[in-house]
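Subject: Structure handover

Hello,

Here is the structure we talked about passing on. Please open it alongside this note. My findings follow below.

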Amino acid sequence: MARWIPDEAGEEAGLLEALGIPSVDSLFADVPKKARIGRLGIAAGLEEPEVVAHIDKILERNRPLSKFSNFLGGRISSRYVPAAVDSILQRSEFYTSYTPYQPEASQGMLRTLFEFQSLWVELTGLDAANASLYDGATASGEAMLLCRRLHEGHRFLVPASLPWEEKSVLRNYAVGPGLTVEEIPFDPRTGNLDLEFVRTAVRSHDVFGLLADVPNGFGHVDEGLWDLKGLLGDVPLVVSADPLALTVLEPPGNYGADVVVGEGQGFGIAPSYGGPLLGLFACRREHLRLTPGRIVGATVDADGAPAYSLTLQTREQHIRRSRATSNICTNQGLMAVAFVVYASVVGPRGLAALQVALAEKARTLASALGGIEGVQAPRFEAPYLGEFTIELSHTSEETFLDRLRRRRILGGVPLHDPRPGTPAAPARILVAATDTATEKDIQKYARAARAAAAGGSA
Amino acid sequence: MTFRQARWDEPAVWDLAPIAPPEPAPAVAGLPERMRRKERLRWPELSELQVLRHYTRLSQMNFGIETSPYALGSCTMKYNPRVSEVLARRKGAAELHPNQPESTVQGALEILWRLERLLAKVTGLPEISLQPGAGAHGEYAALLMVRAYFRDQGQLERRTEVLLPDTAHGTNPASAAMAGFTTREIASKEGCVDLEALKAAVNDRTACFMLTNPNTAGLFESQILEIAETVHGAGGMLYYDGANLNAILGITHPGRMGFDVAHLNLHKTFATPHGGGGPGAGVLAAGEALGPYLPIPRIVKNGRKFRLDYDRPKSIGKIKSAYGNFGLDLRAYAFAISHGEAGLQHVARRSVLNSNYLGHRLGKSLPRPFRTLVKHEFLLSGTPLKAHGVRTLDLAKRLLDEGVHAPTIYFPAIVDEAIMIELPETESRRDLDEFASAFEQAVNDTPENLHAAPQHLAVKRVDEVRAAREPILSWKDVRRRTPNHEKAGPVPSVP
């Protein structure tokens, strides 16, 4: 057993003596006998080397991304994390500290979060950002609830192409207030939002908000986003945006977004099988007091020197309780540190250059996969950055991806909802040009795809 | 002990290097003109060393568990084992994408499955989901499950009320409201649930009673079995807020106490780092009635193989992307198997011993509002200091000057000038005594000194009122308010 409890036997005796009691047992006299348990029924403790050996042995059953030609993307990225980022995350003053409720003891974290908020503001073109939410999907959920505070109605519009997981999360955030998450159909050729549908829906006066994502669930950039605010009028617009894409794309604040959310994991956070992630959230100044989550603000100390603290806390659960703007307490503070340190290490030119390089690689990938019998690549005729969707005509995405896996290729993210009973959908896969994929990997993918896309069993 | 925190005159990151004049962002072929970014992201170009020095200096102006004990009640700020940090960074853990085929992530699924089975034993509730992002998120998911259950029972129209004690964590009523319930607070009696008041409050409108045990006064709710009987008798569900689980590990568990559903905070009881506010990991544990409603996917073991099961027709669906915070689940698993059966019980015993010892000693300095047999934390009231014009807040700031983190203050609201102290099992007797001495010194210090505290940190007392009155929340705000900012020098000037 690890030495995490100080000098167990020796110290305990002294503490008991000071309390004038014979044994720790008497400190549990208030737990009724009928409520007690005997044993938990778990194994005895292990020493550190044993723990390491045990866990390493289990982890050997994983095959990490580096063992494959990797084309997995979507909301979660496997982009390289510079060593400098993790070295800052391992500063124990950051990773072991508590929420900075005591600002005088927490200026380091507060200032770093202030810089993080500033960066998301610069990327989105909005006025203010919070200090993080759990992940991109829950940030969308919170954005929807903010829209409902800003506008009457019951219908919240989202792209039909939004990843199924996010739709499911949104529907769970809609349960309490009894809202409906409704899907906007897409143009079958481009995958772009059906703006006529939006126009008609808004006329019903029952739409209280709309969320669009960029790149969208198919990986494409929908130019129609520019026209959404014009159609929506005073109905709030939420844009869910990829932070790296925003280094080359117009900030959504410039085309009328009232809220910009996103998944920040791609900035300095390892994929770690999907968590921890980082929910990004920015809004307009006038809506600040209705927003969820912690916010850091600049102020002064008793000497008038610059200082920082959490602010606008009267929105939050620990003060407002059942009337809070959200129940969120613990957020993703350390991941926000990773985000801002990553961007600062790579730098604004480096970030944009990275996105441009990935976009070029994606074009190479698309032309390598294009023309393969049974694969339409890209499936949609719309601009894209580092990802796009392919559609298979002779085989299911499971079969296709499994055949690729056997050749050590992770061919992409299947887009269907895996829940039984989901209506049948075309076999579509989101394919990402990752930073590790080389020209050789792309050619390997194309060769393997030729065989994998054929009908019948392999 | 003399304590001096680092005090760097460190500029903001954007003042470390001149910002390049606006230039268009590079073009991506095929992008329509109006979707292209016209001005490159405004952020400094820095060398790696500049970035490292900046954030290292900032980190030195922050407490952490390896610099200071955190006396924060209800937060369970214990040592975060270093070995867990090493393990979570293994290629076989960090370098996994959630959309990898199941056959390539068998180890990750095994860790999750093993942690689930372990937590099922710790909670006495058989069905586990690791999906929620933190405790409050787990509360919310659980209340959605309660809703779905009563919907299936045809009782949702009627069961619209969530009851909670007036000592409940703020997240409880906030989660209940978010899940569409009305909330009603039950007044406590001597720090515990007033059983008669509860009996009078439950009825056929009761969906759920949310309870923390030990509660936020640090007291074990000894009438827990009667409480469970009362809630169940009215057809309601009993919810366990696991924030304070540390005190009862291996002594009792939510299942034995009669709870139907629970959330745990892995970042408290299971020692995953708090990260300056997060990430956390909220675990859901449910009994037979609510188990089928847990989020999907569930992890299933067939022989030696693990798979993700989406075929749960009653499930509420997804509450978060992927499968939860795997990196934290792995750390929690390492913590749990290190301690094992006897170790986990020892965690509870030592944390309760620490708390009673410290409560006994500090009870001589300030009054203790309720009974003195406590669990993992205890309450003091700063009321007597008010006569000298001193508030609990002043005391908290004065403690920071001694290099120890202040307790939780002004919570729970039922105690005037509440001070809630928890120093968990990883704090030694020496640390407890040093904390106690610092506390006694602070209580006996002059009002002038207390009002002027802190003196030894990176900043003096921070003006939080001003921060809220005219919010300055980003660099953009700084620029807006000080047009000459670029010339004004390194420190962001606040008017």
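This is a predicted model.

Helix pair in chain A

Start with helices H12 (residues 397-406) and H13 (residues 439-452) of chain A. Their axes come within 9 Å and cross at roughly 135 degrees. The angle lies outside the perpendicular range of 65 to 115 degrees and is not over 145, so H12(A) and H13(A) are oblique to each other. The crossing of H12(A) past H13(A) is right-handed. On the H12(A) side, A:Phe400, A:Arg403 and A:Leu404 make the contact. On the H13(A) side, A:Ala448, A:Ala451 and A:Ala452 do so. By class, that gives 5 nonpolar residues, 1 charged residue and no polar ones.

Domains of chain A

The domain assignment splits chain A into domain 1 (16-56), domain 2 (83-342) and domain 3 (348-452). The C-alpha centres of domain 2 and domain 3 of chain A are 28 Å apart. Their contact draws 15 residues from domain 2 of chain A and 16 residues from domain 3 of chain A. On the domain 2 side of chain A, the residues touching domain 3 comprise 7 nonpolar, 6 polar and 2 charged.

Domains of chain B

For chain B, the assignment gives domain 1 (13-68 + 461-487), domain 2 (83-338) and domain 3 (344-452). Domain 1 of chain B is thus listed with two segments, 13-68 and 461-487. Taken over C-alpha atoms, the centres of domain 2 and domain 3 of chain B are separated by 29 Å. Here the contact uses 19 residues from domain 2 of chain B and 20 residues from domain 3 of chain B. The domain 2 side of chain B that touches domain 3 has 9 nonpolar, 8 polar and 2 charged residues.

Interface between the chains

Now the contact between chain A and chain B. How many residues does each chain put in? Chain A gives 170 residues and chain B gives 170 residues. Helix H11 (residues 333-369) of chain A contributes the most to the chain A side, with 15 residues. By class, the chain A side that touches chain B divides into 89 nonpolar, 47 polar and 34 charged residues.

When you go through the model, I would take the helix pair, then the domains, then the interface.

Best wishes

Key: Residues are numbered from 1 along each chain as its sequence is written. Chains are lettered from A and ligands numbered from 1 in the order in which they are written. This is a predicted model: local features need pLDDT of at least 70, side-chain atom pairs count only at pLDDT 80 or more; totals for chains, interfaces and linings use all residues. Axes are lines fitted to C-alpha atoms, for helices over the stretch in contact, and angles run from 0 to 180 degrees between N-to-C directions. Helices (H or I, at least four residues) and strands (E, at least two) are DSSP runs, numbered from the N terminus. Angles under 35 degrees count as roughly parallel, over 145 as roughly antiparallel, 65 to 115 as roughly perpendicular and the rest as oblique. A crossing is left-handed if the near helix is turned anticlockwise from the far one by less than a right angle, and right-handed if clockwise. Two residues are in contact if their C-beta atoms, placed from the backbone, lie within 7 Å. Ala, Val, Leu, Ile, Met, Phe, Trp, Tyr, Cys and Pro count as nonpolar, Asp, Glu, Lys and Arg as charged, and the others, Gly among them, as polar. Domain bounds come from an automatic or database domain assignment.
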